[in-house]
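Visitor: Could you take me closely through the aromatic contacts of this model, with the cut-offs stated as you go?

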Amino acid sequence: MSNGFRSVHPSVALLYYVGLLLFATLLFHPLFLLTELAAVLSLLLLQGQGRHLLRGLPFYLLMAGSVVLWNPLFSHRGSHILFYAFDQPITLEAILYGLMMMLVLLTIMFVFISYNFTMTTDKFMYLFGTVAPKSALLILMTIRFVPLFQRRLGQITLIQSSRGISVSSGKLRKRMSDGMTLLKVLLTWSLEEALQTADSMKARGYGIRKRSTYGIFKLDRRDIITLICLAGSGMLTLIFSMQGYGMVEIYPRLKTPVYTGGDAVMYGSFCMFLLIPVGLEIKEKWLWRSFERRDFPSVIPIKKGPHYMTSRSR
Amino acid sequence: MLRFRYPLFIALALFVVGLALTAALQDRHYILLSLVLLAAALFPLFVRLERRSIESRELVLLAVLSAVAAVSRIPFAALPSVQPVSAIVILSAYVFGAEAGLIIGAMAALVSNLYFGQGPWTPWQMFSWGMVGLTAGWLRNTRWMRSKIGMLVFGFIWGFLFGWIMNIWYIISLPDAFSWGLVAAAYASSFYFDLAHALSNVFFLSILAGSWIKVMERFRKKYGLLQRG
């Protein structure tokens with residue numbers, strides 16, 4: 001189902017995800033990182049990706065968690081020494097730095113889960129197909145071949161099993177060589193057939209002129225408003241970040257962060273950037289809920305109770 | 001929007017490069033810079049692909065080989081690091097040359113990750129598999145690669161190199177901890193995966209090499225594909 005943030009124009013979605021990645025890698029501040037992580041998580045949950053997230057979570061935690069372990073073991077910078085492990089000083093700064101890096105890595109990985117859900121291949125192709133038409137065609141053909149080859153491999157397996165070539169029975173050595181026979185048939189068949197496709201493309205005039213493209217997406221009013229809001233708040237945050245706001249200093253000595261007016265403005269615009277898609281999702285959920293409960297908060301009044309025919313229609 | 005796409009993309013790219021450089025130089029924060037450098041490394045590949053006049057047959061051939069490599073990764077999804085992708089990329093590069101190998105490796109990584117999930121590792125995998133293809137294509141006329149043992153050794157070495165390149169992306173996130181100790185620890189913890197990758201390369205190369213090279217060379221001769229490269 002395509003609604004909420006998933007239904008916005010691809011350029012809006014791309015801007016949002018590029019912005020998320022930029023902020024995750026640029027803003028090195030626990031408050032900003034935690035806010036971004038929370039926003040991405042709530043977007044994921046609102047998009048119904050909770051199950052998907054849970055499945056990959058052990059892997060993500062293992063990958064990001066190892067950073068927390070390794071940084072204090074190998075980095076001994078910092079002035080607050082907590083204790084000694086293997087004759088090496090473990091500093092508070094190194095542990096904090098490792099924790100922040102864990103947040104950065106987790107945020108980046110979560111952003112990609114949401115990206116995979118929102119930016120489907122057709123949207124990506126719509127954006128980059130005009131910039132790099134040949135690469136786009138190559139990527140699209142490859143993507144299209146993957147399910148085709150899987151299906152073909154199933155057919156080959158079925159046919160070859162009638163002459164005793166099968167990967168599911170026999171000794172390991174026989175199974176392996178049978179599997180390779182199946183793959184070789186797939187390769188020959190697909191190459192032979194694909195070259196016919198190529199000749200047919202050529203016969204229809206591929207490569208004579210510049211490739212034209214067809215775009216199915218249109219920027220509507222909601223998209224333009226969202227785009228402007230995202231670009232504005234994102235730029236404001238970036239400008240403040242280049243002024244040096246939104247950074248904590250950990251090395252060489254941990255400093256307690258001081259919050260000034262600049263930080264507050266930056267945090268405000270940062271939150272606005274993060275929460276626009278979340279807002280779109282919530283609005284969508286709310287509309288559905290109202291729709292299901294049948295008492296529309298909309299302008300169209302709905303009569304309650306049994307519907308009597310009016311005198312005129314009678 | 002469509003009229004301004006080139007200036008728009010160039011401006012965006014320059015902007016991100018600037019940000020990455022300041023983040024790296026001022027704050028010793030290297031994640032963004034590493035992504036920018038990878039993009040810069042893969043950029044010439046796509047520019048060359050766009051600019052040269054490529055036959056539709058060659059384009060389709062590249063797509064088929066990339067797709068076969070991507071599909072071959074799916075049955076082995078449960079076993080980490082065991083997959084025939086590297087072997088297929090090496091064999092394709094051996095027959096069709098360095099540039100084709102680079103494209104096939106990068107495409108296989110990009111497309112198979114549509115099924116395995118894109119992530120910050122995608123550009124690194126594209127780069128690593130692209131390099132597998134590129135080096136295999138460069139060395140294809142040497143006596144080393146011509147011998148079967150040499151090709152197996154090549155696959156074994158790349159199994160480890162691949163893991164080592166993939167380790168960079170999170171070593172780079174700890175600039176202050178950077179020391180030979182950290183590198184050694186990271187490489188020691190990935191040793192079993194790298195070994196599995198290297199051994200699976202040797203295994204798949206040893207059973208695929210003869211017949212696949214024969215099939216692909218027949219196609220190359222029959223249709224006159226990618227003869228220059």
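Guide: What follows is a walk through the aromatic pairs and the charges that sit over rings. This is a predicted model, in which local features need pLDDT of at least 70 and side-chain atom pairs count only at pLDDT 80 or more, whereas totals for chains, interfaces and linings use all residues. Residues are numbered from 1 along each chain as its sequence is written, chains are lettered from A and ligands numbered from 1 in the order in which they are written, and side-chain values use heavy atoms, with hydrogens and water left out.

Over all chains there are 25 aromatic pairs, a pair being rings of Phe, Tyr and Trp (its six-membered ring) with centres within 6.5 Å, called stacked for planes under 30 degrees apart, edge-to-face over 60 and tilted for the rest. Phe112(A) and Tyr115(A) make an edge-to-face pair, at 6.0 Å centre to centre with 70 degrees between the planes. These two residues lie three apart in helix 4 (residues 92-118) of chain A, and are therefore separated by about one helical turn; helices (H or I, at least four residues) are DSSP runs numbered from the N terminus. Phe112(A) is buried at a relative accessible area of 16%, and Tyr115(A) is likewise buried at 16%, where buried means under 20%, exposed over 50% and partly exposed in between (1.4 Å probe, protein chains only). Both belong to one aromatic cluster, whose members include Phe5(A), Phe32(A) and Phe273(A).

As for charges, the charged end of Arg6(A) sits over the ring of Phe117(A), 4.1 Å from its centre, the rule being NZ of Lys or CZ of Arg within 6 Å of the ring centre and within 35 degrees of the ring normal.
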